[in-house]
Amino acid sequence: MMINTRKFSRALAMGVMVMVAMMYVAHVSNARADDDDDEDTGHRPAIVDAKWASECSACHVAYPARYLPADSWRAIMAGLDKHFGSNASLDPATAREITAYLEKNASTRRHHAGKPVLRITETRWWRSEHREIAARHWKNPKVKSRADCEACHTTADKGDFSERHVKFPR
Amino acid sequence: MLRTIFSFGLAIGFCSLAVNTAYAETPGDILAALKIEASSTPGFQGFSAARGKSFYRNKEKHDLSCSSCHTDNPAAEGKHAETGKLIKPFAPAANPERFTDMKKVNKWFRRNCNDVLDRECTAQEKGDLLTYLLTVTK
């Protein structure tokens with residue numbers, strides 16, 4: 001009985017170790033697959049703020065915090081009553097929570113001093129990422145605008161912008 | 001013992017299910033609250049679905065109305081005029097989640113009235129609109 005218990009726990013320990021090793025390998029290969037030679041891992045941060053996820057996806061895809069620096073997010077959140085032509089105002093408590101989340105997960109890339117960029121599509125990073133996209137895709141009526149990430153990034157709603165999930169609409 | 005644990009778990013499961021599907025308010029509650037608010041305006045004579053319907057479609061400023069995004073049929077799926085994002089049906093008959101949370105209702109009236117009319121909507125307008133929406137069938 002004693003030996004059996006010991007054998008069992010040894011087998012269990014081995015099993016757990018093998019599982020951990022497999023998970024590690026899967027994680028590393030996943031990270032490599034997403035490496036589009038930039039800092040973006042293509043995935044959401046580990047902890048996603050629930051209010052950010054619901055409020056910022058009401059009218060458009062929830063643009064990830066990592067695509068703009070903190071001062072841009074602060075400027076955007078301070079002007080929600082005139083948000084790209086729409087009133088997107090929030091109650092103060094919700095606005096505070098979302099601003100804190102955006103600041104915490106913002107891009108840490110160096111950016112120009114001066115007026116904060118308000119559109120992700122105006123960042124140098126975004127333009128460089130999209131420089132090879134043919135004009136005909138932008139002219140496709142199914143692509144509403146450059147802000148319409150979901151038109152081609154089919155998993156943008158899940159925070160995944162990796163290249164392997166890009167599909168140009170016909 | 002096991003049976004006790006099992007039935008306890010089952011009970012918890014059912015309770016959380018009930019909590020998840022129950023809404024904080026009903027469209028009737030929200031209409032009643034609007035009525036109390038509107039009653040304080042002198043000359044208030046109740047809400048009208050017909051007035052609500054014309055309010056819904058009327059383009060006053062910026063060539064915009066409720067129907068610009070929610071479409072002419074409030075029971076149909078709409079599309080955001082700017083981003084193209086799908087909007088779930090507006091009428092409670094087609095979307096039971098609508099008008100079940102006063103905070104949410106206030107938020108969207110504040111935003112959308114300001115976009116469409118450059119001002120907040122009155123309790124009369126909101127009540128007329130909801131009265132109309134409640135007459136819309138699937």
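**Entry 1: helix H2 of chain B**

I began with a rule for helix length: the expected span of a helix is 1.5 Å times one less than its number of residues. The model I examined is a predicted one. I applied the rule to H2(B), which has 13 residues and should therefore span 18 Å. The C-alpha atoms at its two ends are 18 Å apart, in agreement with that expectation.

I then asked which residues of H2(B) are buried. I found B:Pro27, B:Ile30 and B:Leu34. These three cover an arc of only 65° around the axis, so they lie on the same side of H2(B). I looked next at the other side of the helix, where B:Gly28, B:Ile36 and B:Ser39 are exposed. To see what the buried residues of H2(B) pack against, I traced their partners and recorded helix H5 (102-117) and helix H6 (123-135) of chain B.

**Entry 2: chain B as a whole**

I counted the secondary structure of chain B as six helices and two strands. Along the sequence I read the order α-α-α-α-β-β-α-α. Chain B has 138 residues, and I noted that 20% of them are buried. I also checked the contacts in chain B between residues at least 6 apart in sequence, and 60% of these join residues at least 24 apart. On confidence, I noted an average pLDDT of 89 for chain B, with 84% of the residues scoring at least 70.

**Entry 3: loops of chain B**

I located B:Gly46 in the loop between helix H2 (27-39) and H3 of chain B. B:Gly46 counts as exposed because 11 C-beta neighbours lie inside 10 Å, and the cut-off for exposed is 12 or fewer. I took the separation from B:Gly46 to B:Glu60, which is 14 residues away along the chain, and found 23 Å between their C-alpha atoms.

I turned to B:Asp63, whose phi is near 55°, a positive value in a residue other than glycine. I placed B:Asp63 in the loop between helix H3 (49-57) and helix H4 (66-70) of chain B. Is B:Asp63 buried or exposed? I entered B:Asp63 as exposed, because it has 9 C-beta neighbours inside 10 Å.

**Entry 4: A:Phe84 and A:Ala70**

I noted a positive phi of about 50° in chain A also, at A:Phe84, which is not a glycine. A:Phe84 sits in the loop between helix H3 (70-78) and helix H4 (92-104) of chain A. I listed A:Phe84 as partly exposed, because 14 other C-beta atoms lie within 10 Å.

I then looked up A:Ala70, in helix H3 of chain A. A:Ala70 is partly exposed, with 17 other C-beta atoms within 10 Å. I found A:Ala70 and A:Thr99 to be 8.9 Å apart, C-alpha to C-alpha, although 29 residues separate them in sequence. With neighbours within four places in sequence left aside, I recorded A:Glu103 and A:Ala106 as the contacts of A:Ala70.

**Entry 5: nonpolar cores**

I looked for nonpolar cores with a general tendency in mind: in soluble globular proteins, nonpolar side chains tend to be buried together. The largest core here has 15 residues. Which of its residues touch the most other members? I noted A:Trp52, A:Val61, A:Ala62, A:Trp73, A:Tyr101 and A:Leu102. The elements that give two or more residues to this core are H3 and H4 of chain A. H4(A) supplies the largest share, three residues.

I followed A:Leu102 further, setting aside its neighbours within four places in sequence, and found it in contact with A:Ala65, A:Trp73 and A:Met77. Apart from the largest core I recorded another, of twelve residues, including B:Phe90, B:Phe99, B:Tyr132 and B:Leu133.

**Entry 6: interface and confidence**

I examined where the chains meet: ten residues of chain A are in contact with nine residues of chain B. I sorted the side of chain A that touches chain B by class, and it has three nonpolar, five polar and two charged residues. For the model I wrote down ipTM 0.78 and pTM 0.76.

I closed with the confidence in chain A, where the mean pLDDT is 84 and 78% of the residues reach 70 or more. Over residues 28-38 of chain A the pLDDT is below 50, and I noted nine contacts for this stretch in the model beyond near neighbours in sequence. Where pLDDT is low, the predicted coordinates should not be read in detail.

Technical notes. Residues are numbered from 1 along each chain as its sequence is written. Chains are lettered from A and ligands numbered from 1 in the order in which they are written. This is a predicted model: local features need pLDDT of at least 70, side-chain atom pairs count only at pLDDT 80 or more; totals for chains, interfaces and linings use all residues. Two residues are in contact if their C-beta atoms, placed from the backbone, lie within 7 Å. Ala, Val, Leu, Ile, Met, Phe, Trp, Tyr, Cys and Pro count as nonpolar, Asp, Glu, Lys and Arg as charged, and the others, Gly among them, as polar. pLDDT is the predictor's confidence in each residue, from 0 to 100. Helices (H or I, at least four residues) and strands (E, at least two) are DSSP runs, numbered from the N terminus. The arc is that of the directions from the helix axis to the C-beta atoms. A nonpolar core is a set of buried Ala, Val, Leu, Ile, Met, Phe, Trp, Tyr and Cys residues joined through C-beta atoms within 7 Å.
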